[in-house]
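The following exercises concern a predicted model of a protein. Please study the sequence and the structure before reading each solution.

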Amino acid sequence: MSDDASRPTAEITLLGRHYVFACNPGEEHKLDRAARYLDRAMLGIHSQNTLLGSERVALMAALNIAHELLEVLEERRSGEQDLNRLSERLERALANTLPPDGVTAE
């Protein structure tokens with residue numbers, strides 16, 4: 001018997017259709033959360049154009065979510081770079097305030 005047979009399953013709903021997926025033990029809530037996010041994205045696209053098929057709606061939602069993710073990752077990288085620059089400035093400022101031997105008077 002394969003590992004998939006012993007893994008728990010979770011049912012999700014996308015655009016009113018039910019799907020069952022295997023997932024790691026304890027990860028069901030994460031799958032459900034991701035499915036709800038995807039479903040909201042798909043419903044938003046579907047409400048704008050009801051003539052689109054569910055596959056096309058799913059692809060458009062996936063592209064939108066991928067775009068959101070890439071934007072967040074870029075903001076995170078930028079924030080990390082800003083923090084690194086500030087940290088370097090702080091280290092330089094602190095180095096300039098310490099006596100040459102590095103020992104502080106108490």
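**Exercise 1. The crossing of two helices**

Is the crossing of H2 and H3 left-handed or right-handed? Describe the contact between these helices as well.

*Solution.*

Step 1. Locate the two helices: H2 covers residues 28-48 and H3 covers residues 54-97. Their axes come within 9 Å and cross at roughly 120°.

Step 2. Assign the hand: the crossing of H2 and H3 is right-handed.

Step 3. List the residues that make the contact. H2 contributes Tyr37, Leu38, Ala41, Met42, Ile45 and His46. H3 contributes Ser54, Val57, Ala58, Met60, Ala61, Asn64, Ile65 and Glu68.

Step 4. Sort these residues by character: 10 are nonpolar, 3 are polar and 1 is charged.

**Exercise 2. One residue within the helix contact**

Determine which residues Ala41 touches, leaving aside residues up to four places away in sequence.

*Solution.*

Step 1. Place the residue: Ala41 is found in helix H2.

Step 2. Identify the residues it touches: with residues up to four places away in sequence not counted, Ala41 touches Ala61 and Ile65.

Step 3. Compare sequence and space for one of these pairs. Ala41 and Ala61 are 20 residues apart in sequence, and their C-alpha atoms are 5.6 Å apart in space.

Step 4. Classify the accessibility. Ala41 has a relative accessible area of 23%, so it is partly exposed, since the buried class requires a value under 20%.

**Exercise 3. A pair of strands and their loop**

How many bridges join strand S1 to strand S2? Describe the pairing and the loop between the strands.

*Solution.*

Step 1. Count the bridges: S1 (residues 9-14) and S2 (residues 17-22) are joined by 6 bridges, and the strands run antiparallel.

Step 2. Check individual partners. Thr9 stands opposite Ala22 in S2, and the bridge partner of Thr13 in S2 is His18.

Step 3. Examine the loop. The hairpin has 2 residues between the strands, and Leu15 lies in this loop. Phi of Leu15 is near 50°, a positive value in a residue other than glycine.

Step 4. Classify Leu15: its relative accessible area is 21%, and therefore it is partly exposed.

**Exercise 4. The two faces of a strand**

Which side chains of S1 point to one face and are buried, and which point to the other?

*Solution.*

Step 1. Follow the alternation along S1. Ala10, Ile12 and Leu14 point to one face and are buried, whereas Thr9, Glu11 and Thr13 point to the other face and are not buried.

Step 2. Take Ile12, found in strand S1, as an example. Its relative accessibility is 6%, so Ile12 counts as buried.

Step 3. Find the surroundings of Ile12. Not counting residues up to four places away in sequence, Ile12 touches Arg17, His18, Tyr19, Phe21, Leu31 and Ala35.

Step 4. Consider a separation in space: Ile12 and Asp32 are 20 residues apart along the chain, and 6.5 Å separates their C-alpha atoms.

**Exercise 5. The protein as a whole**

In what order do the elements of the protein run from the N terminus on?

*Solution.*

Step 1. Count the elements: the protein has 3 helices and 2 strands.

Step 2. Give their order: from the N terminus on, the elements run α-β-β-α-α.

Step 3. Assess burial and surface. Of the 106 residues, 9% are buried. The accessible surface comes to about 8800 Å², and 55% of it belongs to carbon and sulfur atoms.

Step 4. Consider the contacts between residues at least 6 apart in sequence: 25% of them join residues at least 24 apart.

Conventions
Residues numbered from 1 in each chain as written. Predicted model: local features only at pLDDT ≥ 70, side-chain atom pairs only at ≥ 80, totals over all residues. Heavy atoms only, no water. Axes fitted to C-alpha atoms, helices over the stretch in contact; angles between N-to-C directions. Helix = DSSP H or I, 4+ residues; strand = E, 2+ residues; numbered from the N terminus. Left-handed = near helix turned anticlockwise from the far one by under 90°. Contact = heavy atoms within 4.5 Å. Nonpolar A, V, L, I, M, F, W, Y, C, P; charged D, E, K, R; others polar. Pairing = 2+ DSSP bridges. Buried < 20%, exposed > 50% of the residue type's maximum accessible area, 1.4 Å probe, protein only. Areas by Shrake-Rupley, 256 points an atom, 1.4 Å probe, with all protein chains shown as cover.
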